[in-house]
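Please look through the structure shown here with the paragraphs below at hand, since they lead from one buried residue to a ligand site and then to the surface.

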Amino acid sequence: MSRIALLSEQVASQVAAGEVVERPASVVKELVENSIDAGARKIEVLIRRGGISSIRVVDDGSGMDRDDALLCLERHATSKIRTGEDLASIHTLGFRGEALPSIASVSRFRLATREAGALAGTEVIVNGGKIESVKDSGDAPGTQIEVRSLFYNLPARRKFLRTENTESSHVEHQLHLQAIGHPEIGFVFVNDERVVYQLPPTNHLRERIRDLCGAALAAELLEVPEFTADHICIRGFLGKAGVSRSSRAQQLVFLNGRAVENSTLNFALREGYHTALMKGQHPVTFLFIDMDPAAVDVNVHPAKREVRFRNSAEVRDAIVEATRRTLETDRAEWSATFRPTPPAEIFASPAPPIPETPALIPIHEQVALRHDWSTFPAPPPKTEPQPAPQAPEPALESTPSPANDFKILGVLGKLYVLMENASGLVLVDQHAAHERILFEEMLKRMESQGVPTQRLLLPLTLQVSPRDGDWITRHLEVLNQAGIGLEPFGAGTFKIDSLPTFLRGSEPAQLLREIIDDLRETSAQTSKLRLGEDMIAKTVCRHAVKANDFLREPELVRLIQDLLACDLPYCCPHGRPTMIQMSYSELEKKFGRKV
Ligand code: ADP
Ligand code: MG
């Protein structure tokens, strides 16, 4: 006896709905995407009781004629693609032709739509996938869809819904994504009769971000300088160095206008931020990637949130580079805030007396903050002759260069340097600042002179998994350049005979495992540098001046000057801030002089 039967359209739609419609937020996502695809200039979203009781999306887009209004409720009915080839190059947010029939099959559904210039519109009522009525309607041009009693006919699904508050916060997040992704469209969001926001259309993404996320967040963002590589165009805004969140909730990436998630993107951002991001934290991004739709596959998941890149290395490299360039744009701004104090005022106050108690580090080392390499490993014996370490600099000139005008007021708690600049008060963490200075100097030295290495007395052998072995074989050259002397030594085994001098005393096998894990996700071009950076970051912390070290005024001046000359002066190599600005207007607010 045959046991197979074709499912009815209605059941098939409910099955499909299981993939597309998970909760009210997914309904909102699909409906708003349809409105955007229909060319809407204004979209209103009204929900009741977290969207479980009702969701209404009203747009002023193209609308549909009566035939289309009926056809759009059929499964696999779409105006957006026609052939298999179209699927390889999708320009719209939708393309599956499944959302409307799926939503209509699990709710009480009303569609009212009208084309501009049409004499009348059409209203279609559907209950649980069954068309109940079709008639003329007199609504304004555009489309309105109302979804009531979601999952009323699928109790199992309904049970999975969370509280109304949770569901409405998911809806809000979904809308947040769409509103950021399309600033040129006006959005209105009404939750239980309360207007949550009314966003006017704008040509400026920064305005939309400010309207939606507040001025405080907008002030922490840097605009990505125009960047195009390999036909990948990157724009948008990124959080400044040191700005981060403990979740990815504010790490937004839009690919051709669609909010997407993809591990390549996450890794690329992390790599681009690199030392500007604290461990375990995530960046704040409003990043827009525009590229040939044929180079991405969005047909990975029914909710279309995931994407696959045809060439993920290209995308990754473009993001890393764009991020790096963006973070560096902040440098000029920072330096500028240290300019306007008139030089005459700078040393109006006498230098603090040298304390009676001995300083924690010898005076000659303090003076030579910038050029003291004596605490760092000697250069490798085999490479070209190195210049001898420079002698400590003679006493520093007491007037800072006019390019970096600032006035040092004192040191708080033996750690925070208090300074005055044109905008107000600046606090500098002397340890973090010195770490950043040493880090960049070491890095430049490594780039120009290579990594100092030391031969191991007894070479070690290292047994690795086939996957790690494969990685090592492919990156042997990079590892050797980075000072790790490694060669194949039979199946799955490698011999290590030298290590970077920085890493004296480390357990080589453990070290190498950590390095492989760290670098596996890094692109080939950057891994050599990255490896060196990681090693340096680990060592500089130990060598930088400590919180309690006493620095005399000339040393402080030199420290600040050196910091301002760094590529990324505002955070230490571990992503912690080196300086904090407290502006006059913040002070005035605190003292109640200004509201
Ligand atoms: P898809 O968006 O994948 O094409 P949908 O089921 O979401 O599938 O929508 C089916 C079709 O209905 C769309 O292709 C579009 O032609 C039409 N449609 C849906 N929503 C709207 C809208 N708000 N305005 C105009 N047309 C719409
Ligand atoms: Mg759609």
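With a relative accessibility of 6%, L277 counts as buried, where buried means under 20% relative accessible area, exposed over 50%, and partly exposed in between, with a 1.4 Å probe and protein chains only. L277 is found in the loop between α10 (263-273) and β15 (282-283); helices (H or I, at least four residues) and strands (E, at least two) are DSSP runs, numbered from the N terminus. Although L277 and V243 are 34 residues apart in sequence, their C-alpha atoms are 7.5 Å apart in space.

The model is predicted, and local features need pLDDT of at least 70, side-chain atom pairs count only at pLDDT 80 or more, and totals for chains, interfaces and linings use all residues. Residues are numbered from 1 along each chain as its sequence is written, chains are lettered from A and ligands numbered from 1 in the order in which they are written, and side-chain values use heavy atoms, with hydrogens and water left out.

A second buried residue is D497, at 16% relative accessibility, which is found in strand β24 (residues 493-500). The side chains of D497 and R455 are joined by a polar contact of 3.2 Å, a polar contact being a pair of N or O atoms within 3.5 Å; within protein, one must be able to donate a hydrogen and the other to accept it, and residues adjacent in sequence count only if both atoms are side-chain atoms.

Around ligand 1 there are 20 residues, of which N34, T78, S79, K80 and G97 come nearest; a residue is near a molecule if one of its heavy atoms lies within 4 Å of it. This shell divides into eight nonpolar, eight polar and four charged residues. Helices α2 (24-37) and α5 (99-105) each supply at least two residues of the shell, and α5 gives the most, with three. A polar side-chain atom of T78 lies 2.5 Å from an oxygen atom of ligand 1, while a polar backbone atom of G97 is 2.8 Å from an oxygen atom of ligand 1. Taken alone, ligand 1 exposes 530 Å², and the protein buries 93% of that, with accessible areas from the Shrake-Rupley method and a 1.4 Å probe.

At the surface, V15 in helix α1 (residues 9-20) is exposed, with a relative accessible area of 53%.

Conventions. Nonpolar A, V, L, I, M, F, W, Y, C, P; charged D, E, K, R; others polar.
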